[in-house]
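Subject: Handing over a structure, with notes

Dear colleague,

I am passing this structure on to you, and I would be grateful if you could look through it alongside the notes below.

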Amino acid sequence: MNADFVMETSPLIHVEDLVKTFGENEKGKKTIHALNGVSMDIRKGDVVVIIGPSGSGKSTFLRSLNLLEVPTGGKIVFEGTDIMDRSVNVDQYRQKMGMVFQHFNLFPHMTILRNLTLGPIKLQKKDPKTAEAEAMDLLGRVGLADRAGAYPSQLSGGQKQRIAIVRALAMNPDVMLFDEPTSALDPEMVGEVLDLMKVLAKSGMTMAVVTHEMGFAREVATRVVFMEEGRILEEGTPDTFFSHPKDERLKAFLSKVLV
Amino acid sequence: MNGLIDEFYRNFINESRWKLLLSGLGVTLEITAFALLLGVVLGFFVAIVRSAHDKTGKLGILNRLCTLYTTVIRGTPVVVQLMLIYYGVFASVNISKVLVAVLAFGLNSGAYVSEIVRSGIMAIDEGQFEAGRSLGFSYAQTMWYIVMPQAFKNVLPALGNEFITLLKETSVSGYIAMEDLTKAGDIIRSRTFSPFMPLIAVAVIYLIMVGIFTRLLALMERRLRNSER
């Protein structure tokens, strides 16, 4: 019961003063500061949308949350555990953090069904029959049950990304991280992916999303964050964020993307 | 025409000389098969160590040993390696020549296989690693379930090429007085003084072996390709 109490009051992910530098200790290379002390709390049910110009560190930040990118300094506490602690087995925590990539990264040598069941069977030791039934259920919900036996190369971009989302969902994660999920899609396929993400958000899934889709941010986000030069310059509810931006650079950025 | 038949008789039928070729072929295949096995095991091991080092920065000492191994093996002729192992390393030990040959050719092949496999691993998109790791798979599990199956499929033609090379390279086994296929042809020549026919027979047998090998590989490739792309 004590654990539940902690869950209720403390954030799902607590990020403190995150720093990431590239090219340090390498001769002849300029040190690049991708993250300059980013702090953020993501609570259960939050949909945090991170926007910013390219090179602002927003993807680096998102990829740091499950340590695909290892920060050089700061602290990430996930469900009460400091996952940057060397003694922590991060693989275990990654199972609870689903991730969706810009380029889908489906496994091309496996069927769609196998893509979905690999994690549950090998990592969660689920009975293959159970895992397949659950995967089929998920596929049905995104309208792709008939493609279970297909290979990724036989799907459209939008279908691939929806599969990538349900592959992450098949692990039953506590939070979903989206790294520019629609940036590699043809325009006519962006809608189907955003729709699925909206359904997910409505179902109460905790989400952190890096995107350029301002419409999505306005409609779905509980909080919008603007990053530039590895810092958070402004954050707020979509309403205040888009209607009354305070930071000059955010104003300039919005005037460019909200044409 | 009669002269040709005569010569054929002298070289292969008389004193059952064809048996020399047959047992020579047996020795060649024996060496090749076991050297192949050793080479593949060694090659995959070295490739996995080296790519793990490239990707994670760990295994520094092991990586250096592996680099030294490929450098030395690829930098010296296989005949020299074979003789060094036979007359040097095992000079004072009573050891089967087949074992020496398997060791020499296996060690040699392993270095080439390792580079082939490593190139296959490095060619897999980084996103595949990231997808595996983000699901919660360890580095080893990601390699096993996600990266290696794709890498193996991609390098199969190059591996096949290496195997064909290996089969023919064993023809230098005569240097340590093994009676492999090439040596068998030599023995026949020394008895019959025929300049060409035994050599042509040897060449044809190698060609047939390589042909069978190629067909098997093509079959395997097709089966693996059936799935994707």
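The notes below go through confidence, aromatic rings, charges over rings and helix packing.

This is a predicted model, in which local features need pLDDT of at least 70 and side-chain atom pairs count only at pLDDT 80 or more, while totals for chains, interfaces and linings use all residues. Residues are numbered from 1 along each chain as its sequence is written, chains are lettered from A and ligands numbered from 1 in the order in which they are written, and side-chain values use heavy atoms, with hydrogens and water left out.

To begin with confidence, chain A has an average pLDDT (the predictor's confidence in each residue, from 0 to 100) of 92, and 95% of its residues score at least 70. Among the elements of chain A (helices are DSSP runs of H or I with at least four residues, strands are runs of E with at least two, and both are numbered from the N terminus), the highest mean pLDDT, 97, belongs to strand 7 (residues 175-179) of chain A, and the lowest, 52, to helix 1 (residues 2-9) of chain A. Where pLDDT is low, the predicted coordinates should not be read in detail.

Strand 7 of chain A is also where F178(A) is found, and this residue is buried (under 20% relative accessible area, with exposed meaning over 50% and partly exposed in between, for a 1.4 Å probe and protein chains only), its own value being 0%. F178(A) and G80(A) are 98 residues apart in sequence and 22 Å apart in space, C-alpha to C-alpha.

Turning to the rings, there are nine aromatic pairs over all chains; rings of Phe, Tyr and Trp (its six-membered ring) pair if their centres lie within 6.5 Å, and planes under 30 degrees apart count as stacked, over 60 as edge-to-face and the rest as tilted. One of them joins F8(B) and F12(B) edge-to-face, at 5.0 Å centre to centre and with 65 degrees between the planes. These two residues are separated by about one helical turn, because they are four residues apart in helix 1 (residues 2-13) of chain B. F8(B) is partly exposed at 43% relative accessible area, whereas F12(B) is buried at 8%.

Another pair, F129(B) and Y139(B), is stacked, because the ring centres are 6.1 Å apart and the planes stand at 20 degrees. F129(B) lies in helix 6 (residues 126-135) of chain B and Y139(B) in helix 7 (residues 139-169) of chain B, so the pair ties together parts that are 10 residues apart in sequence. Both F129(B) and Y139(B) are buried.

In chain A, the charged end of R167(A) sits over the ring of F107(A) (NZ of Lys or CZ of Arg within 6 Å of the ring centre and within 35 degrees of the ring normal), at 4.3 Å from its centre. The charged end of R218(A) likewise sits over the ring of F242(A), 4.9 Å from its centre.

Finally, helix 8 (residues 181-192) of chain B and helix 9 (residues 197-225) of chain B pack at an angle of about 165 degrees with their axes 8 Å apart, where axes are lines fitted to C-alpha atoms, for helices over the stretch in contact, and angles run from 0 to 180 degrees between N-to-C directions. These two helices of chain B, helix 8 and helix 9, are therefore roughly antiparallel to each other (angles over 145 degrees, with under 35 counting as roughly parallel, 65 to 115 as roughly perpendicular and the rest as oblique).

With best wishes
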